[in-house]
Amino acid sequence: MSREAKRTTVLEVGDDGVALITIVNPPVNALTADIFRSLSESYEQALGREDVKAIVVMGAKGIFCGGFDVSGFGGQTRREEEQTKPGYTSVDFFTDAVEAAMKPSVAAIDGVALGGGLELAMACHARISTPTARLGLPELQLGVIPGLGGTQRLPRLVGLSKSLEMMLTSKAVEGTEAYSLGLVDAVISPNELLPTARKWALDISQCRRPWVASLYRTDRLGSLEETRQTLRFVRSQVKNQALNVKHPLICIDVVEEGIISGPRAGYWKEAKEAQQLQQSYTTKCLVHVFFAQRGASKVPGITDRGLMPRQVNKIAVLGGGLMGSGIVTALILNNYSVILKEVNEKYLHAGIGRVRANLESHVKKGKITAEKLERTMSLLRGVLDYESFINVDLVIEAVIEDVSLKQHIFAELEKYCPPYCILASNTSTIDLTIIGERTKSLDRIVGAHFFSPAHVMPLLEIVHTRHTSPQVVVDLLNIGKKMKKIPVVVRNCTGFAVNRMFFPYRQAALLLVERGTNPYRIDNAITKFGMPMGPFRLADLVGFGVAIATGMQFLENFPGRTYKSMLIPILQEDKRAGESNNKGFYQYDQRRKATPDPDLEKYIEKARSISGVTVDPKLVNVAENDIVEMIFFPVVNEACRILAEGIAVKAADLDIAAVMGMGFPSYRGGVVFWADSLGSKHICSRLDEWSKMYGDFFKPCPYLAERAAKGIPLSLSSDQANSRL
């Protein structure tokens with residue numbers, strides 16, 4: 001039947017007496033208020049027709065349902081007035097209309113059944129899936145909990161432990177695993193999915209198969225004592241891992257309510273908590289990150305030209321160290337044929353060994369099989385010269401941060417690589433025009449900055465100069481997508497966006513230490529804030545050689561706002577290199593466990609004397625919140641400079657780069673989003689106060705000062721700011 005203008009489901013009744021209800025809302029058939037209204041109307045019609053014996057629900061174009069429209073979270077849109085009552089959709093429709101209906105429903109699942117899509121499927125009396133369909137409840141990654149019965153039905157279908165794992169990690173399962181868990185009742189090929197679902201629905205209506213209301217199943221829940229032990233254990237894990245957020249614990253509470261007090265009680269608690277969480281600050285932050293991630297690949301002036309990515313089949317990587325081997329691992333895991341070049345047999349053997357070790361780690365974690373490891377390694381070939389570079393499509397240079405070495409390499413690459421080959425550097429700080437100044441190929445030189453370990457970290461910073469061809473950027477965006485990376489495109493400068501934004505991070509910490517703040521208090525305050533590790537633990541991890549090399553780049557290019565501390569060079573001079581040799585800011589045991597080093601104080605005193613500064617009593621006992629602000633407000637200040645100079649196109653790109661590249665807590669929305677929550681006036685006044693006490697390192701930049709004076713958010717583009725004024 002034809003659907004009306006606002007209808008978003010289609011009802012068709014076959015000769016077999018099965019009503020097929022199809023959700024139509026491209027691209028992923030997301031749930032909206034219109035969808036629910038139309039779904040309710042279609043169900044009402046199907047249940048009222050005498051020629052309908054059973055119902056099958058499916059999604060159009062091979063996608064069941066991608067879940068609730070995310071733009072409805074975080075206060076971005078208002079729900080329809082009739083849906084503001086907690087539990088309206090979940091109880092009135094899912095439970096009373098679908099699950100308690102006098103005619104059975106079967107969900108025919110292909111593509112994805114995520115969030116509300118899976119909750120709809122679980123309200124049906126049976127679920128048939130294709131083998132590769134993905135099913136899950138990912139709501140917690142957006143700061144909310146499943147709000148349409150998911151917290152009540154999933155434990156009753158797959159058991160308490162597995163349901164909590166799926167919800168708390170937001171990880172989906174494929175159809176085959178879903179069948180083994182009991183989440184679906186059969187796995188069928190896509191061609192047979194609809195006929196099988198229709199027959200299954202008729203079999204239920206004619207009592208040839210069981211008529212199951214999943215909400216009232218108890219056979220998978222276990223005893224009350226087992227339930228309490230599981231909940232106690234999971235709560236303790238969550239409290240240790242999910243700092244500064246409440247929604248994971250709320251999810252556990254809601255699940256417990258349904259088991260202890262019954263599914264209806266759990267249902268109403270779920271509806272109430274879900275609605276409140278949708279308006280929380282955490283949800284607003286996580287939704288911002290969600291959209292920032294999806295918007296990062298849209299680059300004005302590049303991706304809007306209609307350019308199509310060229311085919312890239314063969315890739316060469318120069319350098320098999322920690323970074324180079326990680327890049328190789330990421331490439332071959334995604335079926336790229338790779339040449340690894342090193343300077344001698346010893347280094348080449350070590351590089352290939354690192355790649356194999358990375359893959360063996362994947363095998364141990366169950367991510368790939370031993371057979372897949374060998375197939376993946378067969379895509380890698382090691383060489384000691386450039387002869388085989390004659391037909392490569394892309395070269396990624398990943399050698400040490402040495403300008404003259406990189407210039408020599410790129411001059412060599414121009415000689416041996418074909419004229420269409422993309423010449424990429426993994427440099428983290430060096431200006432690309434300097435790297436390519438000995439070549440005539442500036443139009444195909446681009447930055448491909450991975451983050452260590454490159455086969456694990458999701459961010460890929462793509463850097464283009466004023467000479468770089470837009471086609472090269474489009475090609476690299478496509479490669480990043482195939483590598484399952486999150487790409488952020490920025491313009492060329494020293495440090496680019498991520499490292500430039502965060503260079504004050506370590507320098508602010510060094511300034512505090514030289515003026516009396518305990519370094520371990522700093523690291524503790526920063527990890528409490530939500531960073532994976534503090535600036536000193538991070539310095540130990542990356543190594544002092546890297547810290548000094550990158551620090552010199554910033555000192556040379558931004559001398560007026562760089563804090564010059566000799567602490568790290570002094571430590572390195574005494575043969576302390578960081579975690580790699582078990583001595584840095586921390587000392588390390590054989591298991592790499594870090595503990596404070598009592599000897600550190602003597603190095604701090606020496607650095608303090610060289611800098612000519614004295615201990616400030618105010619900073620000896622500085623509050624944790626002040627530590628966080630003194631570390632991160634200079635980062636915000638530098639982010640403002642990056643926006644003012646047009647290095648990043650939009651503030652959201654800096655937010656996603658900070659989250660994915662540096663581990664800034666996603667539940668705070670990214671550096672600029674977090675800064676706007678505090679207000680530009682507050683940040684500017686604090687920086688101004690510190691600059692008068694401790695120097696120009698803290699001096700607010702004009703972009704920040706102007707926005708603070710006019711009360712304009714930092715994240716607004718210049719055009720938006722002007723229109724607001």
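Biologist: Happy to look at this with you! Which helix does threonine 376 lie in?

Modeller: This is a predicted model, so the answer is read from predicted atoms. Residues 370-377 form one helix, and threonine 376 falls in that range. The helix is H14.

Biologist: Is threonine 376 buried or exposed?

Modeller: A residue counts as buried under 20% relative accessible area. Threonine 376 has 2% relative accessibility, so this residue counts as buried.

Biologist: Which residues does threonine 376 touch, not counting those up to four places away in sequence?

Modeller: Closer along the chain, a polar atom of the threonine 376 side chain lies 2.7 Å from the backbone oxygen of lysine 372. Setting aside residues up to four places away, threonine 376 touches Ile332, Leu333 and Leu359.

Biologist: Now to the cavity. Which helix gives the most to the lining of the largest cavity?

Modeller: The structure holds 1 cavity of 30 Å³ or more, and the volume of the largest is about 40 Å³. Its lining consists of Pro504, Arg561, Pro634, Asn637, Glu638, Arg641 and Phe697. With 4 residues from the range 624-644, the top contributor is helix H25.

Biologist: How do the lining residues of the largest cavity divide into nonpolar, polar and charged?

Modeller: Among the lining residues are Pro504, Asn637 and Arg561. Pro counts as nonpolar and Arg as charged, while Asn belongs with the polar ones. The full division is 3 nonpolar, 1 polar and 3 charged.

Biologist: Last one: how far apart are the end C-alpha atoms of helix H1?

Modeller: Helix H1 has 16 residues, 33-48, and at 1.5 Å a residue they should span 22 Å. The model agrees with that, as the end C-alpha atoms are apart by 23 Å.

Notes: Residues numbered from 1 in each chain as written. Predicted model: local features only at pLDDT ≥ 70, side-chain atom pairs only at ≥ 80, totals over all residues. Heavy atoms only, no water. Helix = DSSP H or I, 4+ residues; strand = E, 2+ residues; numbered from the N terminus. Expected span 1.5 Å × (residues − 1). 1 Å grid on protein atoms, 1.4 Å probe; cavity = no way out; pocket = protein on both sides within 12 Å on 5 of 7 lines; lining within 4 Å. Points joined across faces, edges and corners; volume = space filled by probe spheres on them. Buried < 20%, exposed > 50% of the residue type's maximum accessible area, 1.4 Å probe, protein only. Polar contact = N/O pair within 3.5 Å; in protein donor to acceptor, adjacent residues only side chain to side chain. Contact = heavy atoms within 4.5 Å.
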